[in-house]
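Reader: I have a structure to look at and little idea where to begin. Can we go through it together?

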Amino acid sequence: MEQAAIERVRLIFGLFDADGSGSLEPEDFDLMATRVAAAAPESSEAARAAMLAAFRRYWTTLAAELDVNRDGRITFEEFSALVLSPERFSAALADFAESLAALGDPDSDGLVEREGFVALMTAIGFARPNIDALFDAFQPSAADRIAAPVWVAGIKDYYSPDKAGIAGDHLVVAPG
Ligand SMILES: [Ca+2]
Ligand SMILES: [Ca+2]
């Protein structure tokens, strides 16, 4: 496994622990889903509902696969097993990635503008310089837009244990 993948998982665990309790619980995902929905005021109710459902499904999948001691919480030790068998999460992750990108494309033209991207990624908890570095790595057009599928693929790469030097690594390291 790549060290970069471990660092990516460590970062996302800290962000998913939205209430700062030190472990992941269903409340974290509801809290984050609410924040993310609020960051996409121009999106349809259907798109926000899909996002909420994707967050819940993601939690349910994580809990079923990773909560080894069945206490209803996922510690970092439990969470880190996620990178060992990404195939068990791929369907839930794809759902999550696609509904997030859809939320960032309120007019459904297949393009995500920097403003919407920044709003959603800020709601998840990433820092602005990292968000801009990631957006730039996705090679935006002259109009400063990226293709939604590029973002979806980037999210999937982020969770891939054998990937290093990917766009998503811009979220982990301080931009130079
Ligand atoms: Ca928590
Ligand atoms: Ca547990």
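Reader: Which elements of the protein chain have the lowest and the highest mean pLDDT?
Author: This is a predicted model, in which local features need pLDDT of at least 70, side-chain atom pairs count only at pLDDT 80 or more, and totals for chains, interfaces and linings use all residues. Residues are numbered from 1 along each chain as its sequence is written, and chains are lettered from A and ligands numbered from 1 in the order in which they are written. Helix H1 (residues 3-16) has the lowest mean pLDDT, 89, and strand S2 (residues 145-147) the highest, 98. pLDDT is the predictor's confidence in each residue, from 0 to 100.

Reader: And what is the mean pLDDT of the protein chain?
Author: The mean is 92, and 98% of the residues reach 70 or more. Where pLDDT is low, the predicted coordinates should not be read in detail.

Reader: How many helices and strands are there?
Author: The protein chain has 8 helices and 2 strands. Helices (H or I, at least four residues) and strands (E, at least two) are DSSP runs, numbered from the N terminus. Along the sequence the pattern reads α-α-α-α-α-β-α-α-β-α.

Reader: What is the radius of gyration, and what would a compact globule have?
Author: The protein chain has 15 Å, which agrees with the value near 16 Å for a compact globule of 176 residues. The radius is taken over C-alpha atoms, and the globule rule is 2.2 Å times the number of residues to the power 0.38. Along the principal axes, the C-alpha atoms fill a box of roughly 50 × 35 × 25 Å.

Reader: How many of the residues count as buried?
Author: Of the 176 residues, 35% do. A residue is buried if 20 or more other C-beta atoms lie within 10 Å of its own, exposed if 12 or fewer, and partly exposed in between, with C-beta atoms placed from the backbone.

Reader: Let's take H3. Which of its residues are buried?
Author: The buried residues of H3 are Ala-47, Arg-48, Met-51, Ala-54, Phe-55, Tyr-58, Trp-59 and Leu-62. Seen down the axis of H3, they fall within an arc of 135°, so they line one face of the helix. The arc is that of the directions from the helix axis to the C-beta atoms. The face turned away from the buried side carries the exposed residues Glu-45, Ala-46, Ala-49 and Ala-64.

Reader: What do the buried residues of H3 pack against?
Author: They pack against helix H2 (26-38) and helix H5 (90-103). Two residues are in contact if their C-beta atoms, placed from the backbone, lie within 7 Å.

Reader: Leu-66 is in H3 too. Is Leu-66 buried or exposed?
Author: Neither: Leu-66 is partly exposed, with 19 other C-beta atoms within 10 Å. Leaving aside neighbours within four places in sequence, Leu-66 is in contact with Ile-74, Glu-78, Phe-79, Ala-81 and Leu-82.

Reader: Which residues have the most contacts inside the largest nonpolar core?
Author: Met-51, Phe-55, Tyr-58 and Phe-96 do, in a core of 45 residues. H5 gives the most to this core, with 8 residues. A nonpolar core is a set of buried Ala, Val, Leu, Ile, Met, Phe, Trp, Tyr and Cys residues joined through C-beta atoms within 7 Å. Not counting residues up to four places away in sequence, Phe-96 touches Ala-54, Phe-55 and Tyr-58.

Reader: Moving on to H6, which residues are buried there?
Author: Gly-116, Phe-117, Leu-120 and Met-121 are the buried residues of H6. They cover an arc of only 120° around the axis, which puts them on the same side of H6. They pack against H2, H5, strand S1 (111-113) and H7.

Reader: And which residues of H7 are buried?
Author: In H7 they are Ile-131, Leu-134 and Phe-135. Their arc is only 100° around the axis, which puts them on the same side of H7. They pack against H6 and S2.

Reader: Last topic, phi. What is phi of Arg-70?
Author: Phi of Arg-70 is near 55°, a positive value in a residue other than glycine. Most residues other than glycine have a negative phi. Arg-70 is in the loop between H3 and helix H4 (76-79) and counts as exposed, with 7 C-beta neighbours inside 10 Å.

Reader: What about Asp-144?
Author: Asp-144 has a positive phi near 65°. Asp-144 is found in the loop between H7 and S2 and is partly exposed, with 13 other C-beta atoms within 10 Å.
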